[in-house]
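The following exercises concern strand pairing, nonpolar cores and aromatic contacts. Please work through each task before reading its solution.

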Amino acid sequence: MNSPTCVLLECAFLAIVPGLVIAQINSGISQAENSHREHNLRLSISDRRVIEDGVADQSYNQDPAVVEARDGDYLLSYKKGPDHVDDPYVILRHSGDKGQTWGPEIVQWNTSGPDPTLAKTPIQRDLLIEFGKENQDGVSGAAYSRSDDDGFSWSGFTFFDNPVSNTFFTPTRYLTDVLTMYAAGYGPYGDGTDDASIWRSTDDGYSWQKLSTVRQPGDAGINETALTKAGETRSEEHTS
């Protein structure tokens, strides 16, 4: 099986196949298009680079995330292992030249949980990383750690939910609206399927409160939810 390729579009990734790839982009927005830019954004990709080729070390690299640190460097995280199911390592890599080149792989954590997510807090501009991990009783759930030195060292982990297994992961990019942070997660619904939940932090990401759940009676199961701001007074969630 080929390992997935990840394309960096400024600070967002698209998963394709097969390695870790960075691409510089040009927005291509002309003056005439500015009034419609929110509906008609044209992107052109150039300068495509391989960050990590899974063929070289027979590895599978997936679930990439990237964030710009306080010092302007980029921090990249992804999962790594021999295949799609067995990829226990959370890798961190730093770039000091806006993604032109990347430092060596740092095996930061070993976890059975997928989907590491990176975020930057709006006030102190610290970094957060989240993924599913086990607590001391062997129960898995979404947990986060904080770095105040641009991703070189990290605090202990705090679980989002109690019981911890009520929220599996918050697997997609966090939404920051002024000074409030939002995260979309998912967990068990009670009938063997899943439900999405929206989490909010009003203290720069130090603590999180469950704001709402998404699923309504009669809805199918929901997981892997993403949240975005659609206007000044509303937000939208996208689920699968």
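**Exercise 1: Strand β10 and its partners**

Strand β9 (residues 117-120) pairs with β10 in the antiparallel sense over 4 bridges. Two strands count as paired if DSSP finds at least two bridges between them; strands are DSSP runs of E with at least two residues, numbered from the N terminus. The model is a predicted one, in which local features need pLDDT of at least 70 and side-chain atom pairs count only at pLDDT 80 or more, while totals for chains, interfaces and linings use all residues. Residues are numbered from 1 along each chain as its sequence is written, and side-chain values use heavy atoms, with hydrogens and water left out.

Task: describe the pairing of β10 on both sides, and state why β10 is largely enclosed by the rest of the structure.

Solution.
1. On the β9 side, L118 stands opposite I129 of β10. The hairpin of these two strands has 6 residues between them, and R125 there takes a positive phi near 60°.
2. On the other side, β10 pairs with strand β11 (residues 140-147), again in the antiparallel sense, over 8 bridges. Here E134 stands opposite S140 in β11.
3. The β10-β11 hairpin has 5 residues between the strands, and G138 in the turn has a positive phi of about 80°.
4. Strand β10 is largely enclosed because 6 of its 8 residues are buried, where buried means under 20% relative accessible area with a 1.4 Å probe, protein chains only.

**Exercise 2: The largest nonpolar core**

Task: identify which strands each supply at least two residues of the largest nonpolar core, and trace the contacts of W109.

Solution.
1. The core has 12 residues: A65, V67, A69, L75, V90, L92, W109, L118, L127, I129, F131 and W154. A nonpolar core is a set of buried Ala, Val, Leu, Ile, Met, Phe, Trp, Tyr and Cys residues joined through side-chain atoms within 4.5 Å.
2. At least two residues come from each of β5 (60-68), β7 (89-95) and β10 (127-134). The largest share, 3 residues, belongs to β10.
3. Strand β7 is mostly covered, with 6 of its 7 residues buried. It pairs antiparallel with β6 (residues 74-81) over 7 bridges, S77 having L92 as its bridge partner.
4. Strand β7 also pairs antiparallel with β8 (residues 106-110) over 4 bridges; I91 stands opposite V107 there.
5. Leaving aside residues up to four places away in sequence, W109 touches P88, Y89, V90, L92, I129, F131, W154 and F157, contact meaning heavy atoms within 4.5 Å.

**Exercise 3: An open sheet and aromatic contacts**

Task: give the strand order of the open sheet of 4 strands, and state which residues form an aromatic cluster with W199.

Solution.
1. The order is β13-β14-β15-β16, with antiparallel pairing. The edge strands, each pairing on one side only, are β13 (175-177) and β16 (209-213).
2. Strand β15 (residues 194-201) pairs with β16 over 4 bridges, and W199 has K210 in β16 as its bridge partner.
3. W199 belongs to an aromatic cluster with Y144, F160, Y174 and W208.
4. Charges also meet rings: the charged end of R146 sits over the ring of Y206, 3.6 Å from its centre, and that of R215 over the ring of Y189, 3.7 Å from its centre. The criterion is NZ of Lys or CZ of Arg within 6 Å of the ring centre and within 35 degrees of the ring normal.

Terms used: Buried < 20%, exposed > 50% of the residue type's maximum accessible area, 1.4 Å probe, protein only. Phe/Tyr/Trp six-rings, centres within 6.5 Å; stacked < 30°, edge-to-face > 60°.
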